[in-house]
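Open the model in a viewer, with a selection panel at hand. The stops below say what to select next and what is there.

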Amino acid sequence: HVPIESEERILKILMRWKGRERGMMRNAGNRYQEVARACRQVDMQLPQALSLRRQHIQHLNPRHRMPALGLGNDGDIRKSAALFESAVEAYLYQCKLSFLTETQQKALLPKGVKHPPSPDFMLQQPTLLTTCTPMQY
């Protein structure tokens, strides 16, 4: 969990050029070190900060696709998304939670009906995930 105050504090460094901010942080030299230092100050992991930055770049540029924003090519983005979904699914299984995958959710919908957007996973009961020992309500 990262407090909103920490996110707001680090955004000043992550989004130096606000809506004009673009691209990955690879080979960013001093800027990368500055972000890493700020992460330590607000008790945030570097991958969390870079993910927050990417989300804000996307939010501030809704008409641009991620490749146009310098945030990766479509193939790499799809691979990353698949790896993330696989990790989440493994975690949910490890925690012994009952859930439906996106494919299972769509299979429950009537044939011939346009499917609305659906989440990658749907927990089947309210659950508080704090560690791998979830508390079910």
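Select C39 first: with a relative accessible area of 3%, C39 is buried, where buried means under 20% relative accessible area, exposed over 50% and partly exposed in between (1.4 Å probe, protein chains only). Add C95, which also counts as buried, at 8% relative accessibility. A disulfide is a covalent bond between the sulfur atoms of two cysteines. How many disulfides does the structure hold? The count is zero, taking a disulfide as a pair of cysteine sulfur atoms within 2.5 Å.

The model is predicted, so local features need pLDDT of at least 70 and side-chain atom pairs count only at pLDDT 80 or more, while totals for chains, interfaces and linings use all residues. Residues are numbered from 1 along each chain as its sequence is written, and side-chain values use heavy atoms, with hydrogens and water left out.

**Whole chain**

Switch to a cartoon view. The protein chain has five helices and four strands; helices (H or I, at least four residues) and strands (E, at least two) are DSSP runs, numbered from the N terminus. Read from the N terminus on, the order is α-α-α-α-β-α-β-β-β. The chain has 137 residues, of which 24% count as buried. Among contacts with a separation of 6 or more, 50% join residues 24 or more positions apart; contact means heavy atoms within 4.5 Å.

**Helix 1 and its buried side**

Select residues 4-14, which form helix 1. Which residues of helix 1 are buried? They are S6, I10, L11 and L14. Looking down the axis of helix 1, these buried residues fall within an arc of 135°, so they line one face of the helix; the arc is that of the directions from the helix axis to the C-beta atoms. An α-helix has 3.6 residues a turn, so residues three or four places apart point the same way. Now select E5 and K12: both are exposed and sit on the face of helix 1 turned away from its buried side. The cover over the buried residues of helix 1 includes helix 2 and helix 3 (46-60).

**Helix 1 against helix 2**

Two packed helices are described by the angle between their axes and the distance between the axes. Add residues 30-42, helix 2, to the selection: the axes of helix 1 and helix 2 come within 10 Å and cross at roughly 170°. Axes are lines fitted to C-alpha atoms, for helices over the stretch in contact, and angles run from 0 to 180 degrees between N-to-C directions. Helix 1 is therefore roughly antiparallel to helix 2; angles under 35 degrees count as roughly parallel, over 145 as roughly antiparallel, 65 to 115 as roughly perpendicular and the rest as oblique.

Show side chains at this contact. From helix 1 come S6, R9, I10, I13 and L14, and from helix 2 come R31, E34, V35, A38, C39, Q41 and V42. By class, this contact of helix 1 with helix 2 has seven nonpolar, two polar and three charged residues. Here Ala, Val, Leu, Ile, Met, Phe, Trp, Tyr, Cys and Pro count as nonpolar, Asp, Glu, Lys and Arg as charged, and the others, Gly among them, as polar.

**Helix 1 against helix 3**

Swap helix 2 for helix 3. The axes of helix 1 and helix 3 come within 10 Å and cross at roughly 70°, and the two helices are therefore roughly perpendicular to each other. E7, I10, L11 and L14 of helix 1 make the contact with A49, L52, R53 and H56 of helix 3. This contact has five nonpolar, one polar and two charged residues by class.

**Two loop residues**

Select D43, in the loop between helix 2 and helix 3. D43 is exposed, at a relative accessible area of 66%, and its phi is near 55°, a positive value in a residue other than glycine. Then go to K96, in the loop between helix 4 (74-94) and strand 1 (99-101). Phi of K96 is near 60°, again positive in a residue other than glycine, and K96 counts as exposed at 72% relative accessibility.

**Strand 2**

Finish at M122 and L123, in strand 2 (residues 121-123). Is M122 buried or partly exposed? M122 is partly exposed, with a relative accessible area of 38%. Not counting residues up to four places away in sequence, M122 touches S98, F99, L100 and Q105. L123 is partly exposed as well, at 31%. On the same counting rule, L123 touches L92, L97, S98 and F99. C-alpha to C-alpha, L123 and L100 are 6.6 Å apart in space and 23 residues apart in sequence.
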